[in-house]
Amino acid sequence: MKTSFASSIILLLVLNLFFWQCSPKITPYEPPIAEPQAFSSSGMDSVSARWWEAFDDPELNRLMDSSFSNNLDLISIWYQLQEARSIRKIQSSLLLPDIEGSARTAISRPQPDFAGGENTQIGVSANYEVDLWGRIRAGVQAEDFRLQASYFDYQTAAMTLSSQIATTWFQLITAKKQLNLAKEQIAINEKIIKLIKVRFGAGQVKGVDILRQQQLVEEAKNQQLLYETDLEVLKNQLAVLTGVAPQNFTISAKDSLPPLPPHPQTGLPLELVRRRPDLQRAYHQLMAADRDMAVAVRNKFPRLSFNLSGQTRSNTYPELFNDWAYTLGANLVAPLLYWGRLRAEVDRTEAIKNQQLHNYGQSVLIAFQEVENALIREKKQAERLKVIDKRITMASNVQKQLQIEYINGLTEYINGLTEYLDILVSLDEQQQLEREKIQLKQQVFESRIALYRALAGNFDLEFQDDQPDNQHINEP
């Protein structure tokens with residue numbers, strides 16, 4: 001009897017493998033957009049998955065590694081991936097029989113005309129639904145795709161985190177550079193005040209010139225306070241991104257930005273679709289919705305299930321396993337009249353699939369937009385840097401000439417105002433241009449980071465243990 005029960009279990013598994021071939025086939029989807037042309041420009045250097053290493057900044061590399069291991073948002077999303085793994089495992093278990101065991105012992109006290117004694121029963125049962133039309137298999141495939149989507153969601157979060165770390169780090173460097181410039185401008189402006197006071201003592205200028213120059217000093221001091229604030233706020237932001245309490249975080253920023261790496265190679269648009277984790281996430285969400293629709297369609301078909309049970313009983317333990325009895329039952333259930341409920345479920349899942357298809361297409365278009373935006377911004381910012389360099393040179397020359405004339409006593413009154421007002425305006429413009437140049441360089445780096453983020457794919461993370469099983473998944 002034991003051999004017959006085991007043989008029946010094997011038969012159920014063989015039926016499972018046979019009807020596996022009846023699983024609904026997976027058809028890949030293309031984004032519902034016209035064939036994209038090449039990007040507007042491209043460099044020669046290939047984009048590494050760990051794109052930030054192109055800046056050759058050890059401190060930035062250390063911040064990245066720390067954030068990937070300790071960022072709490074990223075760890076939270078990693079546990080969402082573990083949840084998806086468990087859901088997929090639950091779904092896949094439906095392809096196998098449910099086997100249960102039972103045991104029961106009853107003791108009867110002796111009664112008149114009844115000897116009493118023990119009665120022990122042991123039973124084993126197996127319940128199995130044959131996946132005739134691939135309904136269960138389609139459900140497993142849907143969870144496979146959701147698991148992969150969750151994995152790419154984790155990778156997308158890591159990609160976003162990497163851009164936040166790099167941007168914040170370079171903003172921190174820029175804030176320190178701005179702070180140093182503010183201190184230099186304060187020193188210059190205070191030096192000019194001393195020169196003006198000398199001429200004021202000689203009766204050559206009015207006291208209002210000293211007051212105007214003092215206003216410029218105070219403005220520079222105000223800028224210093226703003227940059228000191230930015231410096232501390234950005235440090236706190238880096239602390240949180242790396243999973244550290246701000247009051248426990250210490251870091252020393254450099255005084256200048258690193259050299260900008262060569263322009264990266266943009267590649268073909270369709271390569272970008274296959275490489276970017278956020279696009280892969282959208283694609284696998286689409287495929288999961290397609291499998292959900294397949295399940296809904298096959299819910300309209302008949303279901304066949306088997307129940308196999310074996311039982312033995314005895315009044316003595318030595319004889320308990322000597323005699324087994326088992327039964328095998330089959331159950332065929334077909335939907336007859338559900339008042340359109342099953343058809344409506346198919347329509348609902350089809351609508352969700354079409355939503356995901358167009359969400360996927362929109363994600364692809366936005367990805368292309370991000371690449372083009374980063375390309376044009378960096379190009380125009382580089383052109384603006386050249387313009388601002390010329391403006392700074394001209395403002396410096398004007399400032400020097402006006403100061404020479406002023407110091408040498410060539411002051412004339414024009415409409416009741418002294419020529420020093422021209423000096424003040426020129427000096428203020430020059431200092432604003434110097435601050436604007438530093439900020440513009442930061443914007444160039446932010447555009448390059450945006451380009452790297454738009455072009456880069458997923459990368460291995462120290463916190464993740466392994467990539468989810470994708471043996472049932474077709475890539476786009």
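Let us begin with Asp290 and Arg291, both of which are buried. In this predicted model, the two residues form a salt bridge, and their closest N and O atoms are 2.7 Å apart. Side chains of opposite charge can pair when their charged atoms come close.

How many salt bridges does the structure hold? There are 20. I shall discuss a few of them, and I invite you to find each one in the structure above.

Consider next Asp278 and Arg276, whose side chains meet in a salt bridge with an N to O distance of 2.5 Å. Are these two residues buried or exposed? Asp278 has a relative accessibility of 13% and so counts as buried, because the limit for that term is under 20%. Arg276, at 1% relative accessibility, counts as buried too.

A further pair joins Lys437 to Asp389, with the closest N and O atoms 2.7 Å apart. Lys437 lies in helix H9, residues 420-455, and Asp389 lies in helix H8, so this salt bridge ties together parts that are 48 residues apart in sequence. Neither partner is counted as buried here: Lys437 is partly exposed at 23% relative accessibility, and Asp389 is partly exposed at 31%.

Salt bridges may also be linked to one another. Arg50, Glu53 and Asp65 are connected in a network of such bridges.

I turn now to empty space. Rolling a probe the size of a water molecule over the atoms shows where empty space is left. For cavities of 30 Å³ or more, the count comes to 1. The largest cavity has a volume of about 50 Å³. Which residues line this cavity? They are Glu129, Val130, Asp131, Leu132, Trp133, Gly134, Arg135, Arg298, Pro302 and Arg303. By character, the lining divides into 4 nonpolar, 1 polar and 5 charged residues.

Pockets come next. The largest pocket has a volume of about 280 Å³. Its lining consists of 15 residues, and those nearest the centre are Arg146, Gln285, Ala288, Ala289 and Asp292. The elements that give two or more residues to this lining are helix H4 (135-201), helix H7 (277-298) and H8. Its residues divide into 5 nonpolar, 5 polar and 5 charged.

The second largest pocket has a volume of about 190 Å³. There are 13 residues in its lining, and Leu94, Asp98, Asn127, Tyr128 and Glu129 are the closest to its centre. Glu129 has already appeared in this talk, among the residues that line the largest cavity. Strand E2 (117-130), H4 and strand E3 (303-314) each supply at least two residues of the lining of the second largest pocket. Which element gives the largest share? The answer is E3, with 4 residues. In character, this lining comprises 5 nonpolar, 4 polar and 4 charged residues.

Finally, let us look at the surface. Leu336, Leu337 and Trp339 make a nonpolar surface patch of about 480 Å². Where is Trp339 found? Trp339 sits in the loop between strand E4 (325-333) and helix H8 (341-407). Its relative accessible area is 73%, and Trp339 is therefore classed as exposed, since that term applies over 50%.

To close, recall two of the residues discussed: Arg276 is buried at 1% relative accessibility, whereas Trp339 is exposed at 73%. Thank you for your attention.

Terms used. Residues are numbered from 1 along each chain as its sequence is written. This is a predicted model: local features need pLDDT of at least 70, side-chain atom pairs count only at pLDDT 80 or more; totals for chains, interfaces and linings use all residues. Side-chain values use heavy atoms; hydrogens and water are left out. Patches are made of residues with over 30% relative accessible area and no salt bridge: like charges are joined within 9 Å, nonpolar side chains (Val, Leu, Ile, Met, Phe, Trp, Tyr) within 5 Å. Accessible areas come from the Shrake-Rupley method with a 1.4 Å probe; for residues, only the protein chains shown count as cover. A salt bridge is a side-chain nitrogen of Lys or Arg within 4 Å of a carboxyl oxygen of Asp or Glu. Buried means under 20% relative accessible area, exposed over 50%, partly exposed in between (1.4 Å probe, protein chains only). On a 1 Å grid over the protein atoms alone, a cavity is a set of points where a 1.4 Å probe fits but cannot get out, and a pocket is an open set with protein on both sides within 12 Å along at least five of seven lines; lining residues have an atom within 4 Å of a point. Grid points are joined across faces, edges and corners, and a volume is the space filled by probe spheres set on the points. Ala, Val, Leu, Ile, Met, Phe, Trp, Tyr, Cys and Pro count as nonpolar, Asp, Glu, Lys and Arg as charged, and the others, Gly among them, as polar.
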